[in-house]
Amino acid sequence: MILLTRKRKELGFSQSKLAQVADLHPSTISNIETGNLKPWKGQKKKIETAMRKAGWDGKGDLFSEVDE
């Protein structure tokens with residue numbers, strides 16, 4: 001699991017809602033979270049910005065692996 005998945009769930013965001021706020025396709029979020037897609041720099045920035053708007057404190061690399 002990547003930190004993004006954990007933090008997204010803690011904030012009560014669905015993949016679809018995060019995609020909407022980040023202006024990305026929902027399948028992009030899904031593929032990033034499942035490890036099927038390595039996010040581009042621009043995608044990372046959009047996701048990080050959306051997560052901050054949702055209340056993420058900005059600590060940690062959202063795209064790093066964490067224990068479940």
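The legends below walk through several views of a predicted model, from the whole chain down to single side chains.

**View 1. The whole protein is built from four helices and zero strands.**
From the N terminus on, the elements run α-α-α-α. The radius of gyration is 10 Å, close to the 11 Å that the globule rule gives for 68 residues, so the protein is as compact as a globular protein of that length. Its C-alpha atoms fill a box of roughly 25 × 25 × 20 Å, taken along the principal axes. Buried residues account for 32% of the 68 residues. If you take the contacts between residues at least 6 apart in sequence, 59% of them join residues at least 24 apart.

**View 2. The largest nonpolar core brings together 16 residues.**
Look here for Leu4, Leu18, Ile47, Met51 and Leu62, the members that touch the most other members of this core. Helix 1 (3-10), helix 2, helix 3 and helix 4 (41-54) each supply at least two of the core residues. Leucine 4 is a good place to start exploring. Leaving aside its neighbours within four places in sequence, leucine 4 is in contact with Leu18, Ile32, Glu33, Ile47, Met51, Leu62 and Phe63.

**View 3. Helix 3 has four buried residues to find: Thr28, Ile29, Ile32 and Glu33.**
Seen down the axis of helix 3, these buried residues fall within an arc of 125°, so they line one face of the helix. They pack against helix 1, helix 2 and helix 4. One of them, threonine 28, has a relative accessible area of 13%; it counts as buried because that value is under 20%. Setting aside neighbours within four places in sequence, threonine 28 is in contact with Leu37 and Gln43.

**View 4. Threonine 34, also in helix 3, is exposed.**
Its relative accessibility is 51%, whereas threonine 28 of helix 3 is buried. Two polar partners can be picked out around the side chain of threonine 34. That side chain reaches the backbone oxygen of asparagine 31 at 3.3 Å, and it makes a polar contact with the side chain of asparagine 36 at 3.0 Å. For a sense of scale, the C-alpha atoms of threonine 34 and phenylalanine 13 are separated by 16 Å, and these two residues are 21 residues apart along the chain. Just after helix 3 comes glycine 35, which takes a positive phi of about 85°.

**View 5. A salt bridge within helix 1 joins glutamate 10 and lysine 7.**
Side chains of opposite charge can pair when their charged atoms come close. Here the side chains of glutamate 10 and lysine 7 meet at 3.5 Å, N to O. Both residues lie in helix 1, three residues apart, which is about one turn of the helix. Glutamate 10 counts as exposed, at 55% relative accessibility, while lysine 7 counts as partly exposed, at 21%. The protein has three salt bridges in total, and the next two views show the others.

**View 6. A buried salt bridge links glutamate 33 and arginine 8.**
The side chains of this pair meet at 2.7 Å, N to O. Glutamate 33 lies in helix 3 and arginine 8 in helix 1, so the pair ties together parts that are 25 residues apart in sequence. Both glutamate 33 and arginine 8 are buried. You have already met glutamate 33 among the buried residues of helix 3 and among the contacts of leucine 4.

**View 7. Lysine 46 and aspartate 23 meet in a salt bridge of 4.0 Å, N to O.**
Lysine 46 lies in helix 4 and aspartate 23 in the loop between helix 2 and helix 3, so the pair ties together parts that are 23 residues apart in sequence. Lysine 46 counts as partly exposed, at 37% relative accessibility.

**View 8. A closer look at aspartate 23 shows a loop residue with a positive phi.**
Where does aspartate 23 sit? Its place is in the loop between helix 2 (15-22) and helix 3 (26-34). Aspartate 23 has a phi of about 60°, although it is not a glycine. Is aspartate 23 buried or exposed? Its relative accessible area is 60%, and aspartate 23 is exposed because that value is over 50%.

How values were computed. Residues are numbered from 1 along each chain as its sequence is written. This is a predicted model: local features need pLDDT of at least 70, side-chain atom pairs count only at pLDDT 80 or more; totals for chains, interfaces and linings use all residues. Side-chain values use heavy atoms; hydrogens and water are left out. Buried means under 20% relative accessible area, exposed over 50%, partly exposed in between (1.4 Å probe, protein chains only). A nonpolar core is a set of buried Ala, Val, Leu, Ile, Met, Phe, Trp, Tyr and Cys residues joined through side-chain atoms within 4.5 Å. Contact means heavy atoms within 4.5 Å. The arc is that of the directions from the helix axis to the C-beta atoms. A polar contact is a pair of N or O atoms within 3.5 Å; within protein, one must be able to donate a hydrogen and the other to accept it, and residues adjacent in sequence count only if both atoms are side-chain atoms. The radius of gyration is taken over C-alpha atoms; the globule rule is 2.2 Å times the number of residues to the power 0.38.
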